[in-house]
Amino acid sequence: EKNAAKTRLVDELTFSLLTMFRTLRQCLKYTRGEKIDLVIAAGYSMAMVALLLRVFGKARKVVCTVVDHLPPAGSLALRIHRRIAGWLTYFTARYDDEVWVISPRIPAMRFNSKSHVIPFAIDDSKAALTERAEIGYIGFPTHDHALDLAFEVCRKHGIRLNIIGQSPYLESIKPLAPPQAVFYGQLNDKEKIKDILSRCFCGYAIYRRTGPQSYSYYGFPSKSLYYFANNIPLLTTDTSLFTQEVGKLGIGRVVEPTLEQIEKAVLDLKKGFPVYYETINRFRETWNAGVEKFHRERLSALLKDRPE
């Protein structure tokens, strides 16, 4: 574990240089003697390897996926690191055949005219429509996630709060938690997560920071994929571009990060859960059809001139 931590630190300090070497070695190992028609690379580090393969004729086309943007903030060292990482992302974006971003707010879109917003598929856990009385949270808890406000609401109304995730910040606020809060730590067991969320009527995704200074502004609330998979309506703030659609689609509530609004929305979600459950069923079906359409169209366009 200590060696893994040291390796991660070295990788971060060298802007994923170790990841690049490992990726290149594995790619050459498993594609020996073959030419790659299309490489879909995650982030600038994988994309650089893919572009190198294209330069030497090993790969024909390269797509880079960009799923986040970290605005320069924090200490001087952190701001410098984020700026350099941003420049590396923009550099690779210029030379990729296409760039797929998770949100049109991600700046990398500006550097490639063939950029597209990629939708992520939502699983269906087949969660039954039952009377639910709990709230679920998944993530890496920080002050920005306003769990202290969730504590207050749950304490006042006797609602069980399930917290999946761990962080130093969470440890610091555990003494403030109501007796109804249950801390599961880091969970990777999908069945266990499904079992916990199948009892929840509300998926908690509140953010205190909602403007361009927040990384969430540029992304997509990934925890919502877990919630929607279990037919749980989303309780969130107007942070990402996607959250602007949540209220319109009837798949959750969008509020200001205040105790009063969060409390009111929680009670509304609990009361109207059966309606939200059915609405999410219809939304997920339509959304996933769009996901399939996106990949079918993009892959068809990218591979249309592939040699037989």
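This is a conversation about the pockets and the sheet of a predicted model.

Colleague: What kind of model is this, and how are residues numbered?

Modeller: The model is predicted, so local features need pLDDT of at least 70 and side-chain atom pairs count only at pLDDT 80 or more, while totals for chains, interfaces and linings use all residues. Residues are numbered from 1 along each chain as its sequence is written, and side-chain values use heavy atoms, with hydrogens and water left out.

Colleague: Why is the space of about 1100 Å³ called a pocket?

Modeller: On a 1 Å grid over the protein atoms alone, a pocket is an open set of points with protein on both sides within 12 Å along at least five of seven lines, whereas in a cavity a 1.4 Å probe fits but cannot get out. The volume of about 1100 Å³ for the largest pocket is the space filled by probe spheres set on the points, which are joined across faces, edges and corners.

Colleague: What makes a residue part of the lining of the largest pocket, and which lie nearest its centre?

Modeller: A lining residue has an atom within 4 Å of a point, and 41 residues line the largest pocket, with Ile138, Pro221, Ser222, Lys223 and Tyr226 nearest its centre. The elements that give two or more residues to this lining are α7 (190-197) and α8 (223-229), where a helix is a DSSP run of H or I with at least four residues and a strand is a run of E with at least two, numbered from the N terminus.

Colleague: Which element gives the most to the lining of the second largest pocket?

Modeller: The second largest pocket has a volume of about 820 Å³, and of the 26 residues that line this pocket, Tyr44, Asp68, Leu70, His81 and Ala85 are the closest to its centre. Helix α4 gives the most to that lining, with seven residues.

Colleague: How do you know that β3 and β4 pair?

Modeller: Two strands pair if DSSP finds at least two bridges between them; three bridges join β3 (residues 98-101) to β4, and the two run parallel, with Val99 opposite Ser115 in β4. These strands belong to an open sheet of four with the order β1-β2-β3-β4 and parallel pairing. The edge strands are β1 (36-42) and β4 (115-117), because each pairs on one side only.

Colleague: What is the angle between α11 and β3?

Modeller: Helix α11 (residues 273-303) lies across β1, β2, β3 and β4 and runs at about 165° to β3; axes are lines fitted to C-alpha atoms, for helices over the stretch in contact (heavy atoms within 4.5 Å), and angles run from 0 to 180 degrees between N-to-C directions.
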